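Biologist: Could we go through this structure together, one part at a time? I would like to begin with a single residue and then move outwards.

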Amino acid sequence: MTDTWLWWLQVAFILYFLLLNGMYLLLNMLSMASLMGYIRQRAETGELAPYLGVEPPVSVLMPAFNEEATIRTSVRSMLQLQYPEFEIVVINDGSKDNTLAVLIEEFDLVPHPEPLRQAVAHQPVQAIYRSRRYANLRVVDKANGGKADALNAGINAARHGLFCGVDADSILQRDSLLRVVQPFLEDERTIAAGGTVRIANGSQVRGGFLIQAGLPRNWLARFQIVEYLRAFLFGRLGWSPLNAVLIISGAFGLFDRERVMAVGGYRTDTVGEDMELVVRLHRYHREKRIPYRIRYLPDPICWTECPEDLGTLGRQRSRWQRGLAESLSRHARLAFSLRGGTPGWLAWPFMALFEWIGPLIELVGYGFMLAGFAFGAVSYAALAAFLLVAIGMGILLSVNGLLLETMSFRVYSRRRDMLQLFLMAVLENFGYRQLNTVWRCRGLWQWFSRRKHHWGAMRRSGQWGQS
Amino acid sequence: MLSEWLARCPHWLCEASANAWAQLWPEDRMLQLALYCAFGLGALTVLVLLQVLLLGEVSRRRTVRRQQFNEQWRPFFALCSLSDELPPSHAPLPRRRQLWFLLQWNRTQLQLRGAARERMNRALIALGMDRQALILLRGRVRSKLIGLTCLRHLADPAHWQAVQPLLLSRNSIVALSAAQTLVAMDASKAMALILPAAVNRPDWALPRLISLCQQAGEQAVTTPLLIVLSSSEDPRRERLVPLLVQGDPRHAAPWARARLDEGAPAEYLQVALRCLCELGDPRDRHRLLRALQHEQDTVRLAALQALHKQARREDSELFLPLLSDSSWWVRQAAADSLAAMPGATLEGLQHMLEQVRDRYGRDALRRAIAEVRR
């Protein structure tokens, strides 16, 4: 009896990993087709993002919490964005360091008696400042309430119909805004669009702009480069043609302000406010039968600094996993509902099976198979098959991420860089991904035990601040 | 060959390798299958890597060749844009590089204005490359778009017949690019074709149509648009109503007045008010005042903005009550209007601020005053 159970468990774990990586390979194919189409269109319409003269004005919202090291450079880079009409609203979310003082000094801020529209709720605003040097820069100083709360204050302060949420520790490529707005010009149903986030560690940043992409020396950061390529280039691109993108990164996404207000803005009781908002937008529009599109674009690039130490990285991954769990569990009614469409019938179940409870199954799978083999309960054959589908296919998926990168934008154009990334794509499957699984399980536990959430503290190099 | 080598292979070596292999290679069928799969996956991974490296190398070489070509031709284009004569000597232009030549020419044209563009056009014709652009219209999508961009810069009505069929292309990028080229050739004639076609093309997004109208100019837009709006029975024509704002307000005014008088839906009223705002005719004042009482805040806002454009000094009495409007946007617009009234002084505005009882209205006016003082 026990042997039968053990046999079935082995088969179940092997089948799960086969299904997991098989589905990702399928998503990879979809992404490849989508990317080829996008690159062809880009070649057809010209590689430079076109100015049409009808681009809607955009409010760039930058929530900031203890960002004194990078805020100066980030705001400067935003001020130089290539876009006809935009404003920058920095929301200082009760920083404990000198973020506000740095902003006041650098941009010559003065208090501005501005009423805020209370369309979405947030913590009290202490003061609003405007820059005497830059007419399109304002700073909202408010009591601490978390990133989502800061974004809500930004939505209320925004004067334009589209808003772009950008992390204060990120830098945008000069034409990113012009590119990410294209879906709004091509299809009136578009309500949100997200771009690709890439890792800036190891790259040359000057004056708030990325001059030359390069690889960091830190191996953990290198692993994350491969991971981001996989996550963005086929994790999200594959879902976009199906109108089933469930995540638009909080680091860079453009939204229709009225639609976001209609669903109540960002929720402050979750750590995954970016994903939760997108899932809620899907659900709202599907339930009310309002035509809509949520797009992901591979080329509007936002560069961000990634953690280079295990502690920070582990906390970040746990937080992301918790955010994902909160978003999916809150909108479980989207799944398989009559009006669920592709988000409800494909994306939600996929995310739930492979991303939400996936880490738990993976961790138990690794534990069971290795322990079983050590105690003689799992055969050589079963262990070999398991490692093949878990690690072998994992390597193939990571290498495919590199293929998509080469086929499209070739940010890392040097042959040496590509060979190093290939090495990372192989090595990350031996330890790094398993470690990630453990961190994600910790995130699941935090979600399950409803631990109090707060802004994610990040140890920064602060190199960007020295422009 | 292999058998000869094996025959010469020392006996101890063959035996040792055979033994090692037998120890490594499992007897279990499942394990054998798993190992075969592992080898397959490994080979596939290496193949993908080779593809990555190959694609990277091909792309790198293409980029270098392209840069060399551009550097070779950039001085020629610079001379063309400066002189009425074709530069006496230039590098040979092989057939396979004609596409790159046109791409570079198109890019240079984007950076030029006025006479320099005309000189570039003459140079292109002198080289006979306009014929190449026409040939490209028969090619694939990318070629079509390069050809259309080239013909748009030339803006020669003689190419009309070649471009017009592409307006019906199912590919919306090609169709809209053809529309832009036709507008460059003859704006009025083009808009008479494009606007009726736009009714049946929901894939032509409104911002793109607005961009086309801006390119064509208000004189070319109004008449064909009014004809489409009044003659077509297709309900999809309503999508084009916002384009009226791009038209000549004098011609659009009768339509706008009729909509305001008959109490059309809010979306129509907004467009009508924006047309009257552009016109700025004081005879429409009573219509604007009536629209200020509309239940929809978007209509009230449009009416307020139209009134602001023709505001007189004494109109502050008109805008003051709007500071307590239920809509946030109307309150802000009313405050902006009050702060920017003709003859408004800081003291007068401060005095006005003291008179406002509504808390939200006072906030709005205080903000507007601070912005005016900047």
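Modeller: Certainly. Please keep in mind that this is a predicted model. A starting point is B:Ile135, which is located in helix 6 of chain B.

Biologist: How many other C-beta atoms lie within 10 Å of B:Ile135?

Modeller: There are 13 of them, so B:Ile135 counts as partly exposed. A residue is called buried if the count is 20 or more, and exposed if the count is 12 or fewer.

Biologist: And what separates B:Ile135 from B:Pro88 in space?

Modeller: Their C-alpha atoms are 26 Å apart, and along the chain the two residues are 47 residues apart.

Biologist: Let us stay with helix 6 of chain B. At what angle does it pack with helix 4 of chain B?

Modeller: The angle is about 105°, and the two axes are 11 Å apart. Helix 4 covers residues 98-110 of chain B, while helix 6 covers residues 129-136 of chain B. The angle makes helix 4 of chain B roughly perpendicular to helix 6 of chain B, because angles from 65 to 115 degrees are put in that class.

Biologist: Which residues meet there?

Modeller: From helix 4 of chain B come B:Gln98, B:Phe101 and B:Leu102, and from helix 6 of chain B come B:Met129, B:Gln132 and B:Ala133. By class, this contact between helix 4 and helix 6 of chain B has four nonpolar residues, two polar and no charged.

Biologist: Now another pair. How do helix 16 and helix 18 of chain B cross?

Modeller: Their axes cross at roughly 5° and come within 9 Å of each other. Helix 16 of chain B runs over residues 297-309, and helix 18 of chain B over residues 328-339. Helix 16 and helix 18 of chain B are therefore roughly parallel.

Biologist: What meets what in that pair?

Modeller: Helix 16 of chain B contributes B:Asp297, B:Arg300, B:Leu301, B:Leu304, B:Gln305 and B:His308. On the side of helix 18 of chain B, the partners are B:Trp329, B:Val330, B:Ala333, B:Ala334 and B:Ser337. The contact of helix 16 with helix 18 of chain B divides into six nonpolar, three polar and two charged residues.

Biologist: Let us step back. How many helices and strands does chain B have?

Modeller: Chain B has 20 helices and zero strands. Its radius of gyration is 34 Å, well over the 21 Å that the globule rule gives for 374 residues, so chain B is more spread out than a compact globule. The C-alpha atoms of chain B fill a box of roughly 115 × 65 × 50 Å along the principal axes. Of its 374 residues, 33% count as buried.

Biologist: What about helices and strands in chain A?

Modeller: Chain A has 14 helices and twelve strands. For chain A the radius of gyration is 22 Å, close to the 23 Å from the globule rule for 467 residues, so chain A is as compact as a globular protein of that length. The box for the C-alpha atoms of chain A is roughly 75 × 50 × 45 Å along the principal axes. Buried residues make up 52% of the 467 residues in chain A.

Biologist: How many residues of each chain are in contact with the other chain?

Modeller: The contact involves 38 residues of chain B and 36 residues of chain A. On the chain B side, helix 3 (29-82), helix 7 (141-154), helix 11 (206-216) and helix 20 (359-373) each supply at least two residues. Helix 3 of chain B gives the largest share of that side, 18 residues. The chain B side divides into 25 nonpolar, six polar and seven charged residues.

Biologist: One last topic: the UniProt records. Which residues of chain A are annotated as "transmembrane region"?

Modeller: The unreviewed UniProt entry lists residues 6-27, 345-368 and 380-404 of chain A. In the model, residues 6-27 of chain A are 100% helix, with end C-alpha atoms 32 Å apart. Residues 345-368 of chain A are 96% helix, with end C-alpha atoms 31 Å apart.

Biologist: And where does UniProt place that feature in chain B?

Modeller: For chain B, the unreviewed entry gives residues 33-56 as "transmembrane region". That span of chain B is 100% helix, and its end C-alpha atoms lie 34 Å apart.

Technical notes
Residues are numbered from 1 along each chain as its sequence is written. Chains are lettered from A and ligands numbered from 1 in the order in which they are written. This is a predicted model: local features need pLDDT of at least 70, side-chain atom pairs count only at pLDDT 80 or more; totals for chains, interfaces and linings use all residues. Two residues are in contact if their C-beta atoms, placed from the backbone, lie within 7 Å. Helices (H or I, at least four residues) and strands (E, at least two) are DSSP runs, numbered from the N terminus. Ala, Val, Leu, Ile, Met, Phe, Trp, Tyr, Cys and Pro count as nonpolar, Asp, Glu, Lys and Arg as charged, and the others, Gly among them, as polar. Axes are lines fitted to C-alpha atoms, for helices over the stretch in contact, and angles run from 0 to 180 degrees between N-to-C directions. Angles under 35 degrees count as roughly parallel, over 145 as roughly antiparallel, 65 to 115 as roughly perpendicular and the rest as oblique. UniProt positions are given in the numbering used here, feature names are shortened, and annotations may be inferred rather than shown by experiment. The radius of gyration is taken over C-alpha atoms; the globule rule is 2.2 Å times the number of residues to the power 0.38.
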